[in-house]
Amino acid sequence: MGQQQNNNIGLPPEEQTSTSNIAFGLIGGSFVTIIALTTPFITMQLKSSLPYMSTPRQKVEKALTFLSKRNNEMIANSLQQRGIDTTIKSRNITKQLHFVDLGSGDGTAVLAASSLGWRATGIEMNPTLWLISSIRRLLSNNKKIRTNSELKIGDMFSASISQTSLRNANCTMIFGVAPLMPRIANLIERECQPGCWIMSYRFRVPLNSGNHGEEKNKKDQASVGGSGGIQASLIYDEEEMRIYELNRHHHTTEEGKSSNND
């Protein structure tokens, strides 16, 4: 022990200074990196009520598998009604479905959707989470994930982002606390096409009071404490994952109101 101390003491002053600078540099660099990575979580909480909580991948995959089967059944029924005696697979007429995740976080849902063959788009305003999800995508061994997915950084309420992503979405996933849900519902009602599926984990979507039908719809409406909401039907409710289908006349209804006002 005494010999080691003598060796350190015997180092030239410039080498001792160099070693100290490296040590301080490593400590300082680590501190700056931690601050840089955690700051977005603090600033995002000031800007938005959206929490960060990763959605379990298996629940996303289960819900999307349900939607894929539903889509295939709809196509099969359409073929039968048109008198076409053939299978969906043999005619290869199924189109690639588009999944959009508003607030994609660490990218779990986007990666899950793309691995199942969906074209998947994630929108995230937290730079740290966007970076993490982008790295996960690039390092994935699944070619489908790298080919079918894209991750955008920005605000979901920005017109440039919402219009380009939501207007051609077959399924839009949302994850938000009750105070923000009416605003998200307005975005969906304005941008998403009729028949679009709205997927929500844990949080209920506000439904329009004009919807007729199940008591579940009324419960969804009451849970957000507002009268405004989307015109949709609840088609899936398992393990806190819910899927709503936008009524196919909701845009038509709004256009009719505008015409009457004119």
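Is C171 buried or exposed? At 0% relative accessibility, C171 counts as buried. This is a predicted model, and the report below starts from its overall make-up before turning to single elements and residues.

## Overall make-up

The protein has eleven helices and seven strands. Of its 262 residues, 39% are buried. About 14700 Å² is exposed, and carbon and sulfur atoms supply 53% of that area.

Contacts across the sequence are well represented. Among contacts with a separation of 6 or more, 65% are between residues 24 or more positions apart.

## Cysteines

The structure holds zero disulfides. C171 is in no disulfide, and its nearest cysteine sulfur, that of C196, is 6.5 Å away. A disulfide here requires sulfur atoms within 2.5 Å, so a separation of 6.5 Å does not qualify.

C196 is in no disulfide either. Its nearest cysteine sulfur belongs to C192, at 4.2 Å. That too fails the 2.5 Å cut-off, which is why the pair is not counted. C196 counts as buried because its relative accessibility is 2%, under the 20% limit.

## Nonpolar cores

In soluble globular proteins, nonpolar side chains tend to be buried together. The largest nonpolar core in this model has 25 residues. Within this core, L102, I174, I188, I198, I230 and L246 touch the most other members. Several elements each supply at least two residues: strand 1 (98–102), helix 8 (159–166), helix 9 (181–191), strand 6 (232–238) and strand 7 (241–246). Helix 9 gives the most, with five residues.

L246 has a long list of partners. Not counting residues up to four places away in sequence, L246 touches I188, C192, Q193, P194, G195, C196, I198, I230, Q231 and A232. Both C192 and C196 are on that list. A second, separate core has 22 residues, including L64, L67, A112 and F175.

## Strand 7 and its partners

Six of the six residues of strand 7 are buried, so the strand is largely enclosed by the rest of the structure. Both of its faces are covered. M241, I243 and E245 lie on one side. R242, Y244 and L246 lie on the other. These buried positions include the charged-type names E245 and R242 alongside L246.

Strand 7 pairs with two other strands. Strand 5 (residues 197–201) runs antiparallel to strand 7 and is joined to it by five bridges. M199 has I243 of strand 7 as its bridge partner. Strand 6 also runs antiparallel to strand 7, with six bridges between them. Here L234 stands opposite Y244. Strands 6 and 7 form a hairpin with two residues between the strands. In that hairpin, E239 takes a positive phi near 50°.

## Helix 5

How many of the residues of helix 5 are buried? Eight of the eight are, so helix 5 is largely enclosed by the rest of the structure. The buried residues are T108, A109, V110, L111, A112, A113, S114 and S115. One of them, A112, also belongs to the second nonpolar core. Just after the helix, G117 takes a positive phi of about 100°.

S114 sits in helix 5, which spans residues 108–115. S114 is buried, with a relative accessible area of 0%. Leaving aside neighbours within four places in sequence, S114 is in contact with A120, K144, I145, N148 and S149.

## E150

E150 is found in strand 3 (residues 149–153). Is E150 buried or partly exposed? At 35% relative accessibility, E150 counts as partly exposed. That value falls between the 20% and 50% limits, so neither of the other classes applies.

Beyond its neighbours within four places in sequence, E150 is in contact with V110, A120, T121, G122 and R137. One of these, V110, is a buried residue of helix 5. A120 is a contact of S114 and of E150. The side chains of E150 and T121 are joined by a polar contact of 3.1 Å. The C-alpha atoms of E150 and G107 are separated by 9.9 Å, although the two residues are 43 residues apart along the chain.

Terms used. Residues are numbered from 1 along each chain as its sequence is written. This is a predicted model: local features need pLDDT of at least 70, side-chain atom pairs count only at pLDDT 80 or more; totals for chains, interfaces and linings use all residues. Side-chain values use heavy atoms; hydrogens and water are left out. Helices (H or I, at least four residues) and strands (E, at least two) are DSSP runs, numbered from the N terminus. Buried means under 20% relative accessible area, exposed over 50%, partly exposed in between (1.4 Å probe, protein chains only). Contact means heavy atoms within 4.5 Å. A polar contact is a pair of N or O atoms within 3.5 Å; within protein, one must be able to donate a hydrogen and the other to accept it, and residues adjacent in sequence count only if both atoms are side-chain atoms. A nonpolar core is a set of buried Ala, Val, Leu, Ile, Met, Phe, Trp, Tyr and Cys residues joined through side-chain atoms within 4.5 Å. Accessible areas come from the Shrake-Rupley method with a 1.4 Å probe; for residues, only the protein chains shown count as cover. Two strands pair if DSSP finds at least two bridges between them.
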